[in-house]
Each structure stands twice: as structure tokens, then as C-alpha cells.
Amino acid sequence: MVHPNRRPVAAQRLVIAAAMLALLFAGMLGIAQPATATTTIITQWTFNSPTPDSNTNTGTTDPAIGSGTASLVGGTTATFASGDASGGSTDPATGDDSAWNTTTYAPQGTQDRQRGAQFAVSTVGYQNIRFSFDLRHSNTAANTVALLYSTDGGATFSEATTFVATAGDAWFNNRSFDFSSIPALNDNPNIVFRVVAAFASGGSVYAPSNPGSSYGASGTLRFDMVTVRGEPISSATPTPSPTPEPTPVPVACSAPDTPINQVQGNGATTPLSGTVVTIQGVVVGDYEGATPNLRGFYLQEIAQVDADPLTSEGIFVFNLNNNSVSLGQVVQVTGTATEFQDQTQIGNVTAIEFCGTTATVAPVDVSMPFPDLTYYSVKHESLDTNVSVSCGHWRW
Ligand SMILES: [Ca+2]
Ligand SMILES: [Ca+2]
Ligand SMILES: [Ca+2]
């Protein structure tokens, strides 16, 4: 029976599956997902005393987060003053919230964009840089400040933007500029931001922050929460990790081996008597174990069978009292070729390596009577044979 909901559910699943596939492909292609673009604070100045001392006239120009250098520009001077007064900055600190109170600005009509403060940082490892700050304008301070930036350690500056205060004795918080369209700021150890007093737009004089006041060089611009942010480059543009080289797997039974027929030879005895040989074949008879067992096993050639009817493809491996192999296993054996009781065998076994596979061989059909007395013992020595005689058929 077809459930009435079946098709919509199936369609929903298709949509979900397609969406998951799209995400998967986006991930594979290294397309940054908006949710994974993490903006972090590279450096931040709060100007608060590292150990709160309930005194806003003490503080530090060392960053509270990250590293960088804050310094005065063009002859300004500075003290520390409250970050909470006059409405306050965005600094969550209270009680010991200091801000950097700069003064000694230029006389009216002089030194446009030359006095203020600067903040040097390294953006190495970051991109999409953003600079932000809180600034309290006193009544007589310039109402306009310019944000300048340098990508060469302060040798040259460009102007990013200006900010204009509409009142005096007031904080203007979260002034910020997004530099993500200026790649020269990315991953650069020599970035400097400057905030400097500027002539009012289009003019050649400073305008007071409080329209009812007059501009004065003793006016103050009080900085707090000066912050440089960026996105770690590694998370925004992941470089694909190289595919690890596969660990080489030793190939079993890779040693060269002597064909069993060559160990047997086409005569009555082995031509390699006393020689250490490595042979490989399938176990066609397992007679391991202490006497009365034969204390060994029969191995039959698989890969290097020859066309000579006078050489046998099978051989006995004398393995003392060890129990090493099982019927059907393909193994490589190293030992010494010898004759024992008119049968060629491998003795003094020094290694038995398992080739990781098994094999079966078809028994060889042998018909009696043999053409001569040596026929069977030479040609079929140690082979898995079916011997048939006029009165029956048995497995040798
Ligand atoms: Ca502060
Ligand atoms: Ca303090
Ligand atoms: Ca505060």
C-alpha cells in the first residue's frame, strides 16, 4: 500500500539531501561559509590599569588584548581620565575605567591632520581588517577627526574616512571603518592607524565640537576601546591539507624463489643438494607433528611449473616437530635442498612466510603400470596424485 504521505516525505528528503550535498560540495571547494567567518580581536586598548586601582587617572597604553604600540602624534600630550564620565565609552569596566585623554592640539588654522594618536599593530595571519574606537570630544576640541592608515610602518599614510562630532563633552562610540576592501592591510606586520584632528570639511580651520564654543588647542580628544579586528586567514581560506603518502605495505612472498622443478631436477636426485633455496607453493599435504607423523608437509609449485615431464612440481619440507602450515596455504619456504630416503626434501628450514592466499591444485592422474620403475618416483615425487590401477582408484 502506498502511504498518502509518501511522496511529500520523499520530496522533503530529496530537498534535504540536495541541501546537504550543496553544503558538502561547498566545503570541498573551499568556499567560505558565512557562519564560519570568525572576526576576532587582534589588538585592543582599554587604557585601564592592568590591576584595578580605583583611580581613573592611572592607566596604561599597553594593549589589554594582543600586542601593539600606542603613541602620540605631532606634539600632542596625554593623561589618563575617566572612561565613564560624560556618558561613558563602551568599556564595560566600571570604577577603574580609564581612557587616554589627548590634548595640546595645533593652533587654529595650522597642522591639519598632523596631531593626534596612532596605533601600530601586526595583522599577520588576519584579513578583512576593521578598526574601531570610542572618542570623547571636549567642547573646544576639533569636531572632525580623520582616520589615516599606513601599510609601511608609518612611512606613508592614506586617509580612510573622517568622523564628525555634533556635540561637546560627549562620547562618540563605536566609530569604525571596515578595511576589508583594502587587501594591503591583510597579513601585514607594519600597519599603523592614526586618528588626527582635522579641519572642518571644506575649510581651513578647526571647528569646535560644541557649536557654541570656540576651537582651542587645549581641547581634549579622549580615546577608549581602540580595537583592531580581523578574520584569521586560515579559517577563511583553508588550504587543503596534502594527501598523506600511503604507508607502503610489504608485499608478502616478494622474495625471488626457485621453481620446485629446478630443486627436484630431472634425475633421481636434486642437482642443488646442500644448497639453501627459497621455494614457493601450495601445501598439498600436511603431515606435521612429532613422529609417527612425517614431521613436515608437501609443497606443490603453482606459478613456475615447467613443461619437462621428468621433473616433479612437488617437494617435501621437513619441519622437525613444528606445526606451521595448513592444507591449501600458499607459503614461501627457505631451507636446504637434500635427499632423504631417496626423496628430495627441504631441510634446515630457516623461514616459512605465508603469502596471504590459499590455493588448490588439481590432482594429477597417473595410470599404472608405470612405463619403468623410476617413472613415478621422479616425475610424481611428492605430487598430489590420483593413482588408478585395473582394480581400483585411490588417492596417493
Ligand atoms: Ca577604558
Ligand atoms: Ca587606574
Ligand atoms: Ca565603563
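Val 361 counts as partly exposed, because it has 17 C-beta neighbours inside 10 Å, and a residue needs 20 or more to be buried. Bear in mind that this is a predicted model. From Val 361, this briefing moves to an open sheet of five strands and then to the nonpolar cores, the largest of which has 45 residues.

**Around Val 361**

- You will find Val 361 in the loop that links strand 16 (343-358) and strand 17 (364-367).
- Its C-alpha atom is separated by 7.8 Å from that of Val 284, although the two residues are 77 apart along the chain.
- Val 284 itself belongs to a separate core of 18 residues, described further down.

**The five-stranded sheet**

- Reading across this open sheet, the strand order is 2-5-10-7-8, with antiparallel pairing.
- Strand 2 (69-73) and strand 8 (158-164) are the edge strands, each pairing on one side only.
- From one strand to the next, the twist averages 20°.
- As general background, the strands of a sheet pair through backbone hydrogen bonds, in either a parallel or an antiparallel way.

**Pairings to look for**

- Strand 2 joins strand 5 in the antiparallel sense over five bridges; here Val 73 has Gly 116 of strand 5 as its bridge partner.
- Strand 5 in turn pairs with strand 10, again antiparallel, over six bridges, and Val 121 has Ile 191 of strand 10 as its bridge partner.
- Strand 10 (residues 191-198) also pairs with strand 7 (residues 144-150), in the antiparallel sense and over seven bridges. Look for Leu 147 opposite Val 195 in strand 10.
- Strand 5 (residues 116-121) is mostly covered, with six of its six residues buried.

**The largest nonpolar core**

- Among the 45 residues of this core, Ala 142, Val 145, Ala 197 and Phe 223 touch the most other members.
- Several strands each supply at least two residues to the core, including strand 1 (40-45), strand 3 (77-82), strand 6 (126-137) and strand 11 (221-232).
- Strand 10 gives the most, with seven residues.
- Beyond its neighbours within four places in sequence, Ala 197 is in contact with Tyr 105, Ala 106, Arg 115, Gly 116, Ala 142, Val 145, Tyr 206 and Leu 221.
- In soluble globular proteins generally, nonpolar side chains tend to be buried together.

**The second core**

- A second core, separate from the largest one, has 18 residues.
- Its members include Val 263, Ile 279, Val 284 and Tyr 298.
- Val 284 brings us back to the start, as its C-alpha atom is the one separated by 7.8 Å from that of Val 361.

Key:
Residues are numbered from 1 along each chain as its sequence is written. Chains are lettered from A and ligands numbered from 1 in the order in which they are written. This is a predicted model: local features need pLDDT of at least 70, side-chain atom pairs count only at pLDDT 80 or more; totals for chains, interfaces and linings use all residues. Two strands pair if DSSP finds at least two bridges between them. Helices (H or I, at least four residues) and strands (E, at least two) are DSSP runs, numbered from the N terminus. Axes are lines fitted to C-alpha atoms, for helices over the stretch in contact, and angles run from 0 to 180 degrees between N-to-C directions. A residue is buried if 20 or more other C-beta atoms lie within 10 Å of its own, exposed if 12 or fewer, and partly exposed in between; C-beta atoms are placed from the backbone. A nonpolar core is a set of buried Ala, Val, Leu, Ile, Met, Phe, Trp, Tyr and Cys residues joined through C-beta atoms within 7 Å. Two residues are in contact if their C-beta atoms, placed from the backbone, lie within 7 Å.
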